[in-house]
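Ready for some practice in reading a protein model? Work through each task with the structure open, and try your own answer before you look at the solution.

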Amino acid sequence: MADANATKWLRFAPAVLLGVLGVYQALATNNFPDFFIYQAGSEIGLRGESPYDIARIRRLASAQFPDPNLEPKEDAFVLNCGYFLPPMAILVFAPFAVLTWPVAKIAWGVTLGLAAVGSAKLPELLREPDDPPRSALCLVVPFLLVLNPLVLAIVVVGQVTIVTVGCVTVGLWCFSRNRPTLGVLLWSVAFVKPHLALPLIPLAWYLGGWKRAAAIVAVVAVLNLLGATIAGGSPLFLRDYFEYLSTGHKAVLYNLVERNPQITSWNRLLVSCGGPLIELTAVTTLAGYLVWGGLVLGRCASTGTKPSAAWACAAAVAGAVVCSQVLAYELLVLAVAVPWVRGLFASKRRPWGWAAVLVLVIQLVPVPSTNPVFDFYRPVGAMAFALLVLLGPTGNTSAMR
């Protein structure tokens, strides 16, 4: 019994270590620049003022993260930052906005550790009735998911991806335990990056029916309307956000597909191959999702059987990093595909399993983009995994339904 309890708690050791790292970064360094933007934007919004002011955000960032050069380089953070999250993020980050910056950093470090708890559950989620008993990999995988170079880089910059993955993972666990309300609320948090979270809506429909999907849409809509009202005095403030987003996003060099080989979407791969330059907009992002959704539906129809919940999750996150113009740190959402990869090995489809593991592991390794060879690195990896999911085994109907 003692050994069983020790094994149970060992699964959560990576999350504890990540939380410790986050708190250390908060106390000993002046990092978390992206989190600073989120906190500052929420604080401004809670005061009834618009956070969608690039000049104001950059002044705040320059004061907190002064550039050692008298004239910052063109790609310096203080010249390439801005608040681009939807109004609902004002509420999501409100608990941090009411704290002083030093305390907010500590709270964020603890939050990262709590979010990483979901990694301990990933190897066991969405198990098929005929899956073999749990193996030692259930202990190894959380360490690989949490203590890798990509995650450590996310911690340093203060991105929200770890929290997003944690919310989606724990939300899946809630759905499997018949706690849909909590699951819906957790999945709604992911919509602070709506372009990346869109596949969660059809996924929720597949896993739990249209009511679950409609509940997520309703919660996200209410949060955005409430956030818009707080910051702009009216729900119509949403129009200001959309107008700002259409132009403000391009004011950040990191976000331009022409400039950044760390972007994972299909249009970056097109540029790397010498194709035309296409910067994704809301319309082209939706169009990409429609194409991906059609391919997924076609794959489902070709099998003659209902795909597993694990495969559906893998298809959702694989499509997200290919269809939306995001940077490499968002590749962490591919962790949600772990149950599908586990199922490949459980069903003796090891060549597919090892191919998926290889692509995922390679994408976790940070590679400098100065060498032209690596101009293809991120988008090729994202596309390769998407093709593996699309062409690979879809599994059987999951008991999760």
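**Exercise 1.** With which residue does Arg-47 form a salt bridge, and how far apart are the closest N and O atoms?

*Solution.* Keep in mind that you are looking at a predicted model.
- Step 1: Start with the general idea. Side chains of opposite charge can pair when their charged atoms come close.
- Step 2: Apply the cut-off, which is a side-chain nitrogen of Lys or Arg within 4 Å of a carboxyl oxygen of Asp or Glu. The partner of Arg-47 is Glu-43, with the closest N and O atoms 3.4 Å apart.
- Step 3: Now check the surroundings. Arg-47 has a relative accessible area of 44% and is partly exposed. Glu-43 is partly exposed as well, at 33%.
- Step 4: Look for another partner. Glu-49 also forms a salt bridge with Arg-47, the closest N and O atoms being 3.9 Å apart. Glu-49 is partly exposed, with a relative accessible area of 30%.

**Exercise 2.** Find the salt bridge between Lys-193 and Glu-330, and decide whether Lys-193 is buried or exposed.

*Solution.*
- Step 1: In this pair, the closest N and O atoms of Lys-193 and Glu-330 are 2.7 Å apart.
- Step 2: Place both residues along the chain. Lys-193 sits in the loop between helix 12 and helix 13, while Glu-330 sits in the loop between helix 19 and helix 20. The two are 137 residues apart, and the pair links distant parts of the chain.
- Step 3: Use the cut-off for buried, which is under 20% relative accessible area. Lys-193 has 10%, so it counts as buried. Glu-330 has 4%, so it counts as buried too.
- Step 4: Go back to the residues of Exercise 1. Salt bridges that share partners join Glu-43, Arg-47, Glu-49 and Arg-56 into one network.
- Step 5: Finish with the count, which comes to four salt bridges.

**Exercise 3.** How do helix 19 and helix 22 pack, and at what angle?

*Solution.*
- Step 1: Find helix 19 at residues 309-323 and helix 22 at residues 377-391. Their axes are 9 Å apart, and the angle is about 150°.
- Step 2: Angles over 145 degrees count as roughly antiparallel, so helix 19 is roughly antiparallel to helix 22. The crossing is left-handed.
- Step 3: Look at the side that each helix offers. Helix 19 brings Trp-311, Ala-314, Ala-315, Ala-318, Val-321 and Val-322, which meet Ala-382, Met-383, Phe-385, Ala-386 and Val-389 of helix 22.
- Step 4: Sort the contact residues of these two helices by class. Eleven are nonpolar, none is polar and none is charged.

**Exercise 4.** Which residues does Ala-356 touch, leaving out residues up to four places away in sequence?

*Solution.*
- Step 1: Locate Ala-356 in helix 21, residues 350-364.
- Step 2: Its contacts are Trp-340, Val-341, Phe-385 and Leu-388.
- Step 3: Ala-356 is buried, at a relative accessible area of 0%.
- Step 4: Compare sequence and space. Ala-356 and Ala-386 are 30 residues apart in sequence, and their C-alpha atoms are 9.7 Å apart.

**Exercise 5.** Where does Phe-32 lie?

*Solution.*
- Step 1: Phe-32 lies in the loop between helix 2 and helix 3.
- Step 2: Its phi is near 65°, a positive value in a residue other than glycine.
- Step 3: Phe-32 counts as buried, at 0% relative accessibility.
- Step 4: Turn to Lys-348 in the loop between helix 20 and helix 21. Lys-348 also has a positive phi, of about 65°, but this residue is exposed, with a relative accessible area of 60%.

Definitions and conventions. Residues are numbered from 1 along each chain as its sequence is written. This is a predicted model: local features need pLDDT of at least 70, side-chain atom pairs count only at pLDDT 80 or more; totals for chains, interfaces and linings use all residues. Side-chain values use heavy atoms; hydrogens and water are left out. Axes are lines fitted to C-alpha atoms, for helices over the stretch in contact, and angles run from 0 to 180 degrees between N-to-C directions. Helices (H or I, at least four residues) and strands (E, at least two) are DSSP runs, numbered from the N terminus. Angles under 35 degrees count as roughly parallel, over 145 as roughly antiparallel, 65 to 115 as roughly perpendicular and the rest as oblique. A crossing is left-handed if the near helix is turned anticlockwise from the far one by less than a right angle, and right-handed if clockwise. Contact means heavy atoms within 4.5 Å. Ala, Val, Leu, Ile, Met, Phe, Trp, Tyr, Cys and Pro count as nonpolar, Asp, Glu, Lys and Arg as charged, and the others, Gly among them, as polar. Buried means under 20% relative accessible area, exposed over 50%, partly exposed in between (1.4 Å probe, protein chains only).
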